[in-house]
Amino acid sequence: FSSPHLKPPELPSFSGIFEQWSTFYQMFNSLIHSNDKLPVILKFHYLRSSLVGKASALIRNIEFTEQNYKVALQVLIDKYENKRLIIQNLVANLFDLGTTCSCRKKEKTTAKGIESMFNKINQSLQSLDALKVDTKSWDPIILHLITANFDSLTLADWENTQSSKEVANKEEILKKKKKRLRVLESLERHQPLNPE
């Protein structure tokens, strides 16, 4: 920001989703809040312009003055710096796979559905790991959450790939599902656009 010719950094927006707070705040803190070359009122402007939805409403009535910047930031920290709620929401994301992914047990499993489900699982587990939650023994739970959302053909394919009676670990599950994802993508590419 020291040069007037530099474009200001692109900040992610924050809508009030607890599990996204840490990422947003770390970025905001390093690019804006900790930047001593920025005037305080400009920091407040960046804060307000990067908030949407519930998060924006939380500070909407705080007067836009230099003195109120720290007040507004503290209101957000007090609301969203809540490790317990962040962890609860991340675990809820895992258990809500069937309602939030386009992968459903009663429907045909698609490449998009599997990719969406695995992205959500990976993001939730990585975030839990970053919060120092030990997920090493969660493999049976993750396996159940995944297979509960498979259609009968995908479930049969999964069972046929199991060579042992032991519970697969997360890495094995991800490896096998990446393979299934490639197969589904290939099949979907070769299907007619408007099957009769």
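## An all-helix chain at a glance

Let's begin at the surface: the protein chain exposes about 12700 Å², and carbon and sulfur atoms supply 53% of that area. Please keep in mind that this is a predicted model. The protein chain holds ten helices and zero strands, so its elements, read from the N terminus, run α-α-α-α-α-α-α-α-α-α. Of its 196 residues, 34% count as buried. Among contacts in the protein chain with a separation of 6 or more, 62% are between residues 24 or more positions apart.

**The nonpolar core**

- The largest nonpolar core has 46 residues, and Phe28 and Leu47 are the ones with the most contacts inside it.
- Eight helices each supply at least two residues of this core: H1 (21–33), H2 (40–49), H3 (53–59), H4 (69–80), H5 (83–95), H7 (111–130), H8 (139–147) and H10 (170–189).
- Helix H7 gives the largest share of this core, with seven residues.
- As general background, nonpolar side chains in soluble globular proteins tend to be buried together.
- Which residues does Phe28 contact, leaving aside its neighbours within four places in sequence? They are Leu11, His33, Lys43, Tyr46, Leu47, Tyr69 and Leu73. Leu47 is thus a contact of Phe28 as well as one of the two residues with the most contacts inside the core.

**Where H1 meets H4**

- The axes of H1 and H4 come within 11 Å and cross at roughly 155°. Because that angle is over 145 degrees, H1 is roughly antiparallel to H4.
- The crossing of H1 and H4 is left-handed.
- On the H1 side, the residues in contact are Trp21, Tyr25, Phe28 and His33; on the H4 side they are Tyr69, Leu73, Leu76, Ile77 and Tyr80.
- Phe28 takes part in this meeting of H1 and H4, and its own contacts include Tyr69 and Leu73.

**Where H5 meets H7**

- The axes of H5 and H7 come within 9 Å and cross at roughly 155°. Here too the angle is over 145 degrees, which means that H5 is roughly antiparallel to H7.
- H5 passes H7 in a left-handed crossing.
- From H5, Ile87, Leu90, Val91, Asn93 and Leu94 meet Lys120, Ile121, Ser124, Leu125, Ser127 and Leu128 from H7.
- Ser124 has its place in helix H7. Is Ser124 buried or exposed? Its relative accessible area is 2%, under the 20% cut-off, so Ser124 counts as buried.
- Not counting residues up to four places away in sequence, Ser124 touches Leu90, Asn93 and Leu94, and these three are among the H5 residues that meet H7.

**Two more buried residues to look up**

- Ile114 lies in helix H7 and is buried, with a relative accessible area of 1%.
- Ile114 and Lys178 are 64 residues apart in sequence, yet their C-alpha atoms are 8.7 Å apart in space.
- Leu97 is found in helix H6, residues 97–100. Its relative accessible area is 1%, so Leu97 is buried.
- What does Leu97 contact, once its neighbours within four places in sequence are left aside? Its contacts are Met117, Lys120, Ile121, Leu145 and Asn149.
- Two of these, Lys120 and Ile121, are also among the H7 residues that meet H5.
- Leu97 and Asn149 are 52 residues apart in sequence and 7.7 Å apart in space, C-alpha to C-alpha.

Definitions and conventions
Residues numbered from 1 in each chain as written. Predicted model: local features only at pLDDT ≥ 70, side-chain atom pairs only at ≥ 80, totals over all residues. Heavy atoms only, no water. Helix = DSSP H or I, 4+ residues; strand = E, 2+ residues; numbered from the N terminus. Buried < 20%, exposed > 50% of the residue type's maximum accessible area, 1.4 Å probe, protein only. Contact = heavy atoms within 4.5 Å. Areas by Shrake-Rupley, 256 points an atom, 1.4 Å probe, with all protein chains shown as cover. Core = buried A, V, L, I, M, F, W, Y, C linked by side-chain atoms within 4.5 Å. Axes fitted to C-alpha atoms, helices over the stretch in contact; angles between N-to-C directions. Parallel < 35°, antiparallel > 145°, perpendicular 65-115°, else oblique. Left-handed = near helix turned anticlockwise from the far one by under 90°.
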